[in-house]
Structures are given as structure tokens and as C-alpha cells.
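This report concerns contacts between chains and the nonpolar cores of one model. The sequence and structure are shown first.

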Amino acid sequence: MGASITVEYVKKALPSGLIKWSSIGLIVGLALVIFSATMDMQRLAFSSLLGYMFVMSIAMGALFFIALDHITGSIWSTPFRRIAEILTNAIWLAPIMAAPILYNIFLEMGGHGMFDMYHWTHDAVVAADPFLSQKAPYLNESSFIFRTVLIWVLMIIFKFILVGNSYKQDKTFNHKTNKVNAAFSAIFMAVFAVSITLTAIDFMMSLEPHWFSTIFGIYYFAGTFACIVAMITLIAVNFNEKGLMIEGINKDHYYSLGGWMFAFTTFWMYIAFSQFMLIWYANIPEETFWYMPRMEGTWAYLSIALIFIKFLVPFGLSIQRPSKTNPKRLKLVAMWIIGAHIYDIWWVSYPTYSHLKETHSPFFGWQELGFVLFAISAVFFVFAIAAKNKNIVPIGDAKMERAINFHL
Amino acid sequence: MHTETKDYDNDLRIARPIVEGKRTLKQIDDAIIAPLDRLPNIKFWIAISFTLTLLMVGAIALGLSFYYGTGLWGNNNPVGWALPIVNFVFWVGIGHAGTLISAILFLLRQRWRNGIARFAEAMTIFAVITALIFPIIHTGRPWVAAVYLLPYPNQHSLWVNFTSPLLWDVFAVSTYFTVSFVFWYVGLIPDFAVLRDRATGKIKKLLYSVFSLGWRFSNRHWKHYEMMYLILAGMATPLVLSVHTIVSFDFAVSILPGWHTTIFPPYFVAGAIFSGFAMVQNSLVIIRKIFDMEDLIPISTLELMNKIILLTGMMVGYAYTMEFFIAWYSGNQPETFAFVNRAFGPYAWAYWIMFSCNVFIPQLFWFKKVRRNLFLMFIIAVFVNVGMWFERFVITVTSLSRDFLPSSWAYYTPTITDFAILIGSFGLFFTLVLIFVRVLPAIAIAEIKAVTEQGQPSHTHLHIGNGKSNEAH
Amino acid sequence: MIKENLYAISALFDTPDSIMKAADNISTEYKRFDVNTPYPVHGMDDAMKLTPSRIGYFTISIGLFCMSFMLYFMYWSNSVDYPQVIGGKPFFAFPAYVPIMFEITILTGAVLSVAMMISVLFKFPNNAHPLHDSGYMKAVSSDKYGIYVEAKDSNFDYSKLEKQFKELGASSVSPIYYDEEEVDWKPNTWDPKFVIGTIGIAILTSFSVYMHMNKVLFMVPFDWMMNQERADYGETSEFFADGYSMRVAPVGTIARGFIPYQYDSPDSASKYMTNPTVASEHNLELGQRKFLTYCSPCHGNMAEGASRLKGNMPPGPDLRTEFYQNFTDGRFYHTITKGKGIMAGYESQITREERWAIINYIRTLQKAFGTPVVKTEEEIAENSETKTEASE
């Protein structure tokens, strides 16, 4: 408990497989994306929504994880904070992922949209629809683009503050940095709450511009946090097995990671059930129409599958105590949750695509797979590039010594 | 060894000890059990006579209500749900902080909760008892309430309506009470055994023996006991969420503007924890003064609670904003009207009391000076309680008082009986709290002992000795 | 004597580390031993070589079992035993059952697990254990860490254990004896104290239930539902001048659901009444059922006028003839209501709706069989038999 830093850490080279496989995935994904762009821009835009919402989950979720670590002063999460810090670089991918959507909305401003995606972008439709014209001050092309870019800028600013300070701390070992970051984290929380809500409303809820649900931002947040913890777990467990993490990561750290994944899987179900139950029970047409297409035909089975994929399977896989400390099980659950989050985004957004195609059958093909592959590989690729010259644990952090001695 | 000069607040390298100052295990026993052994001091008598007076006011009002009927209350068309449900939701909410402290913070390994967990659990139980009074008296004939509320076989094949949120409430609140009570009692068993082994009087010893069930501190028992405690905490956590969620369903499943909004479940839970923490903080500030427990409930614990009040206050603020935004965004005219009416209609005064008490005033907790000032934090927490009571009032009354037909609109005013019952509920709650601190150890002895500095064996033994050791604890 | 009453040898230690070491050491050699600590010491299960608690499996199984039962019960009571449409929800409204299913899972899982733990795993309440009231117990409940080995252990050797404990750093070593009472005591159902206590509780319970059900609930204010401020029949009224509480109904009052029949001749009925019902499938089924019950004994199953009454009554006419085809619905209705000739009126047996249904049914029969030619009796009998079979 001396004043000097006693944490021992040696920076090791990243596993070669990470950059190799992520760049292969990136190239294959990009090829598929370009191919799909030449065929059907509308479908590309919808599939890019999967990529964008996933990337935003990683970027914003990582910042949230960092802020939570600073605010609560929790010690179990400190060794993993650097992974989250490196993952915040995913924010640079956001413009690429959102490009097809934003480009189309930009064209819609002049009234020459290439394809139909957001109903409220068509001026003629809005003028004829009293509800849409009432919402026009919020749902219009310029403010949509403005909000999206503003959120990116805000995230980047906070990324530079919180993550930058932490990088500096690796060299300075200045303990005051923790206090500074904690103060900024508190401000970030408010920014985060608004940003994630508006992202969810703009990109996913406004696909059906008549539909509204006050819980929607929290719905997306629940998935986001499960996803980011899963991402951190996946990387941390792999790195720890290869000896890249610091000495002292023990089962109690794993247990905490597993516990958070478990908790937020359950929390998502709670939020999703609350939203569904209230709308089902009140049975007002202006709300139920969102659930109707999801409860008919093939979509009905896919909706039931959502309960299993997003809740029952990860819940069952990690309810036992030993399963939360078993590295193999943790990796499986983590990958499953990331996949389930993308499935959830797909389930929320794709019925609109089916509707636009005037059919009840769902769409999931190589276009979507290609974009998802592109997005996931891009996140890992960016992570690998950014992690190259960085320590994998925040060795300068004041809590570090306690963190590696952490026991439940 | 640590000395008092350590700056735990500014130096994150060192962990704050849970029990400040160095005490032997025996001294911990003595300090915690002291209020049970000595005669109460004058402060206690003043406090309890005050709370008993409040209780009497409520009891008289209730007696009059039973005798003359519920016409004494202000409830009337169109505001049929008024103060009774407001008070019910308020008190159930108060209880939630107790479970949060005892269960959720236990799962999150926030060790500072050990000092106040027992007290918070007791508060949960008393708050739920207080809350239960309201729906039961609201049935009109409380002595046969069980017949209306529970499914029991009868010759008419009449079953309760399982699709009604009010019935979910019956199950949720009774489950909540039972599980909280069991959780509390399980925690008390080892402490009863401590009391039993210290007791000198024959009756005391008999009573403690009965309640301790013959606990022997056997490690073969601790093994199951610890697992059970963890499971109970794990079950109480979703339970506490579900209870206020179901309370929010009472409102949200209906199609009344201002009630039917999907954010209600998490919003109610956040609000419950918010007000509950304010109430726990208020009570702790009083209790540590009355029973001279300043060192067992350190100010740093209160400061952490103030941070949670700040956080949950902002969550509640988020929900207020979201509701307003979506009311406008939905383009639904009755919905928009309901919210504009809330903020600028005849009940605007209540709305702005609620908004300022819940969102603006807790912002003072951003300042460390305020968070650590006993007087200021007490005042702010009182404001939060007032604000949260008004939140339920605003939700219930503003929506109901503006019915769909303007001809049915009416302005609801609670009567003096309504207020007297509310005052009585405070009296009941605080009387129970004061009696509890007198007759049972207000701090979990075994839990506190387990987190003292020398309480646990050095971990080296644990890890080198057996690789699988982590599975066990 | 002391030898026989020896329960165990116990040792007290001062620090958690030393008790861990002692437990580790003792557990290699002895089976019947236990460690008593004022709070759970981390890692003790491993030192004592205990398996982890599996109580969680019990919790989850009992919780899920009770949840399934509750789901079945809600399904049965709300959609089988007394189905009711409430709020436009289906009888089996699964999303609305989820909250209660969840609560029941938690309730039963928590309460039954604790009950199981206390009664089965701990065998509590047990205040008669030899450890109770010993100095050892008083020490471990406060600030010492104790370990004891039972005399029943196959490797038990007092002096050897005493030495072993001392070597491990015990601060004190002491024997624990059974109380005389504990050794001799046998549970006895007919123990007078127990019997008197049981009877006392039974009497007290019965008395309070009796008082509650028969006295308290008939006292003010609980009896207000019974003793309302209303006028009973036969009571003298202070309000009405004639002093009667029971009032004569105003002229023209009719009872709910009873519309008086207002035609006195078949002609006026025929003239003013039309059939208000539609010959739907449901309506015709009702008509058939009522026709077969009330009309067929005289008019025959197919309205062909074949009486089953074997000459005890004259057979009713064949209703399929052209004469009856020309009857208006109103005329039929009047006949059914008031009777005709030897036929009695069925006003009190057949409701209005049923009467119209019967008429619809007769019309159907008329359409189906048309105006009959004169048939031999065998033909009629054969016809009615086959048709009856078909209708069955």
C-alpha cells in the first residue's frame, strides 16, 4: 500500500490472428457491401442500419462503461477499462456505416431520394399526413443529419477527454487524473442518456414514423450495454488466456463480467416485456400496428425466436455460478450476446423493409450478412490498429493495484 | 496499520475500511447491542411520543372513515383514485431502497452497505406494512378484503381476475413483503444467536433461543446459509424491480392519457429507489442522532447515498422529459393535452413542486460540501420525499380530473381525513422504526464482523492451497 | 460416566488464519468434526473439504414447478372453470399471466428454499444440541474461532487430539459433555404439558374463530351491509299516508323480461304480427329442439301428423299441407301461445324466441316436404323413421 506504483506489466505483441482475420473479414465484407451496393441501394441502406446501430452500441457503450468505472470507483472493471477505451475508436466507423442512409437523406432534402427508407423524408407524404407534419420540426432531413453529426462530435469530444486522459496517465501515473475523469464522466452520463435515446429514436423508431414508445431509448440501451460488456469479455478473456492482460486477473473478475452480461440480458427482457405488455394490454391501434407485422406469418416465429436468442439461451447458459467463471462458457455467451444484439436490431428494423417490399416475409441474405461481417470486422480491425501501441490495461490508474487484488 | 490521517476520499489507491477505527470483535458486539441493553434515553422518548401522536391522528381518522364510510375522503367522480393510491405507491416506493441496499448492493459487492443493510431491510418491511394499509382500506370493508383479493375455492366458482393489474399488485406486494421478511429473518438468525449467548435474563434468553432456532455458527451451516443469502439477494433484485413495475402497470395498462406510456415501469422503479433512498437517509440521520451511532453509520455512507439520490433523480428527470417529448412526438391530441395540462393546468402548482423537488433541488448534491453536510442533506432529502409524493399525486390526479368529456371535469381536493391518514402512516412507519432499533440489532453483527480488517484469512492461503477455491465463496 | 457423556473435544483459536490451518489439518484425519466461527470465513469450505452448496438447484426447480402450476391454475380458472371475456382479452391471456407467474416463482423459490434449508439441512429448530450453553458456544458466537471433533468419530482419541490442537496453536482446549437431560430425554406425545398446550391452542383458536364469525361480524359497523336503512315488507311505513311499506306497482307496470301477449284472436295476431327472427342455423336448431320436445308428440317428428300417443289423444293435423302453408307466422304464433281446439296454449312453457324458432322450423319442414300426397300408413311410418335417423 505504498505511494509508488507497484503494478507490474509488460506490453506484449497482439495476437497475429486478430489483425489477420479482421482484415480478411473486412475485405470480404467490403466486397459483399460493394456488390450489394451495385445491386440494390435500398437494401444496402437497410443492412447498413444493422452495422451502424451495432457500431454505435460499441462506441457509445464503451464510453458508458468507462464513465461507469470512473463514477462508481469500482475496482473490478479497471483492468478492462483500457479495452473499452480502445473500443471507443469504433466511433470513427460510424460515418462509414451511416453513409448510405445519410447520403440518401441528404438527397431527399432536394427531393431526389434514390430509394424509400424513412417515410417522413418525402415532403409530399408529410404534407398530406397531419401527424407527420406535426412532427416535422423534429423529423426532417436537416435536423436528422444535424443530430447525428452532433452526437458523433460529442462522443468524439468525450472520447478525447476520457480516453486521452487515461492514455496520458499511463506515463504520468498522476492520480489526480482519476478525479478529473470522474467529473467529466458525470457530465458524460447526461450527454450519453440523450445521445443514445436520440440515436435509437432517429434511426430505428422513425422507420415507422407514426409509432411511438417512451421506453424505446432504454430498450436500445439495454441491448447496447449487454453488447459492450460481451465485447469486452470476449476480448479480455482471449487476451488473458494469451497472457496479454496483467497478472492477477482472477475468477472474480470473470465472475463480474459474466454477472453483468447476465444482468443486462435479463434487464433487456424486462424492458422488452414491459413495452410489449403495455401495448398489447392497452390495445390501441396507433401503437399495436408496430407489433402486428411482427406477430404474423414468419415474423411470428422470428419474434418468438427473439425471446430465445436474446434472453432464454444466454440466461440459461450463464445462470449457474461456475458458468460465469468458466472462460470457454464466457466466450460462448459473449459471442452469442453480440449476435443476439444484431438480431434484435434486425428484428426492430427489417419489418419496415418487408413492408416497403409489400410482403410479409422477412429478408435476411448475403447483403445483411456481408454488412454485419463488415461492421464486426471493422470494429476488430480498428481495435487491433489502435491497440498496437497501447497498453492493454490502464497501468497508471490509481485503482490498479487494488483492482488486480480484487476479490468478491 | 492505517491511521486516521489516510485520505480515503482523494486517494483511490487505498480502500476505505468498512468499519472505521479499530475495534475487536467483542467491541463490535457491545457497540451494536448497546441500545438493546440499556434503558432508552430522553431523546428516544421524545421521538417516540411524537411518532405515536402522529399515529393516533391517523388511527382516529381511520376509525372515523370506518364508521362513517369513505365519503369522508375527497375521492369522487372523476377522481376515484386519489390519495389512497398515491400513498400506497409512495410507501411501496420507500420500501424499495431497502431491498436495493440489502440485495442489489450486496450483489454489486458494495461493502459499505453492510452497516446499513439490516436497517434498510427493516425499513422495507415497515414501509410495505404501511403501504398495504391503503389498498386494504380502499376496499371499503377491509375485514373481508382477503375474500376479494385471494383466489380461494367457493361454491360459485368465482375466481379472481388474473388479467387485472390490481390483482398482480396483490401478488407482487404480498410476495415482496414475504420475501423481504424471510430475507431479513435469515439475516437475523446468527444475530439472535449472539444475543442468546449474551443474554442474562431468563425470559430474554428463552425468546432469543426460540428466534435463533438453535443456530450454532457451524461452518457446515454457514456454507448453505451463505449460498441461500446470495440466492435470496439474487431473487430479491428482480423482485424489487417487478413490484414497482407492477404498480406502474396499474396505471400504464389503461388507456388514459398521461398514464399509458411505456416508460412507466423503469421510471417508477427509478422513482421508488430515489424516494426510498431519501427516506433511508432521513431516518439514518435521525437514528444515528437518537441512538448515538455516529461511528457505526459514518458520514461517508450517507454521502454515497446522496450520490445515488442524485443519480436516480436524474433518471427521473430523464423520464419526465421523455414523457413530454413523446407526448408531443406522438401527435396524439389527448396525450399532448394531458401533459400540457399537467404543467400549465389547474394542478401546475403540484407539477412544479414535483419537478423542482425531484430534478432541480437534488442537483445541489453535485457539491461535496452539500453531500457531507448533515443539515443540508437532510433538508434536500425531505424535499425529495415531498417531490416524489407529489409525483404520484400529479400522475394520479391530473389525468383523472380531466376526463374525456369536458362536462365531467372536476378539481379534486383532498379532505382533512385524507391528510390525517397520510400523517398517521408516517407515524406508523417511524414508530415501527424506533421500536425496531430498540429491540433488535440495527446492524448485522455477523456481516460487520466479516468485513473487519483482520476478519478474513489472507488470500494467499486460499489461492495456493486449492485452485478451485473461488467456486466456494 | 464422564466417558459416556462426552460429546466432543473442542479447541478455540484467535485468528481466522489459524482456524483455517486447523480445519485443513483436522479434516484430513477426521470425519465427524465441525468448525464454528462468528461469521462465515472465506475459503473454509475448502479447508474442511466440503462440497459447494447445491441449494440453488432446489430453489430453481421448486420455483419453476410452482410457476407451472400457477400458470395451469390461471388457465383453468379463467378459461375452463369460469371463462369470462375481460377487457377484450382472450381467455388464455398469456402476457397478462407473466407478472403473477414471475411473482410465484420468486415467492415459492425463496420461501420453500429457506424452509427446506432450515428444516432439512439444518434440522432446526434445535435448542437441545450439546454445544448450547457451553463456554465454547459463548466464545465462538462472539470473537473466537472454534473447532471440535465428536467422540463418535472412529479415529477419536482425546489425548492425541488435545496434543494436536495445542500444536496447531489453540488458545484453549476443552471437552464438551451431553447434559443428563439430553441423554435421557425422549420425545413423548402424551407428555401432559404438550397435551394441555395443544388443547389450549385448539380451544383458543376455535373460540376466536367462533367469536369472529358469529359475533364480531354482526356488530356495528361490520353489520351495516345487513342492517341498511331500508323498508322491509310488512313494516309500517312512516312515509306513506296509508302506512304500507310495500307499494302496489303503478298501472301498466310489467315485470322485467315479460312482455304480455296482447292479441285475443288468431286473425288480429295474423294481421299485426310478423316474425322478428331470422331462420339462421342456430335459430333452426333451437326450433327443432323445441318442436321435438313440445310439438312432435301430437304432430309427429316431421310435422306429418303421426301421433306417438297411441290413440290416447287425437293426432294433430299434418302441418305440411297447403292449408298450413298458407297460415301466416302470426297465426301460428297465436296458436302456439293460446292453443286451438283440443291443443293447449304453450305460453308458459315456450318462450317468445322459441315460439318463433319453432315456426321457422315448421316452415323449413314445409319447404322440405312440400304438399304431401296421401300416403299409406306404412309409407308414413317408414318416412318418419328414416328422417328421424337422418336428423339424428
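The text below treats two chain contacts and then the nonpolar cores.

The model is predicted. In the contact between chains A and B, 38 residues come from chain A and 30 residues from chain B. On the side of chain B that touches chain A, at least two residues each are supplied by α8 (219-252), α9 (264-290), α10 (299-329) and α18 (469-472) of chain B. The largest share, six residues, belongs to α10(B).

Chains B and C also meet: 61 residues of chain B and 64 residues of chain C take part in that contact. The elements of chain C that each give at least two residues to the side touching chain B are α2 (16-29), β2 (33-36), α3 (44-47), α4 (55-81), α5 (94-121) and α6 (135-140). Of these, α5(C) gives the most, with 16 residues.

The composition of the two sides by class is as follows.

| Side | Nonpolar | Polar | Charged |
|---|---|---|---|
| Chain B, touching chain A | 16 residues | nine residues | five residues |
| Chain C, touching chain B | 37 residues | 18 residues | nine residues |

The nonpolar cores remain to be described. The largest one has 324 residues, and those with the most contacts inside it are V55(A), A59(A), L63(A), M261(A) and V379(A). Leaving aside residues up to four places away in sequence, V55(A) touches A90(A), L93(A), A94(A), M97(A), A375(A) and V379(A). Another core, of 19 residues, lies apart from the largest core and includes C295(C), L319(C), I359(C) and I362(C).

Definitions and conventions. Residues numbered from 1 in each chain as written. Chains lettered and ligands numbered in written order. Predicted model: local features only at pLDDT ≥ 70, side-chain atom pairs only at ≥ 80, totals over all residues. Contact = placed C-beta atoms within 7 Å. Helix = DSSP H or I, 4+ residues; strand = E, 2+ residues; numbered from the N terminus. Nonpolar A, V, L, I, M, F, W, Y, C, P; charged D, E, K, R; others polar. Core = buried A, V, L, I, M, F, W, Y, C linked by C-beta atoms within 7 Å. Buried ≥ 20, exposed ≤ 12 C-beta atoms within 10 Å, placed from the backbone.
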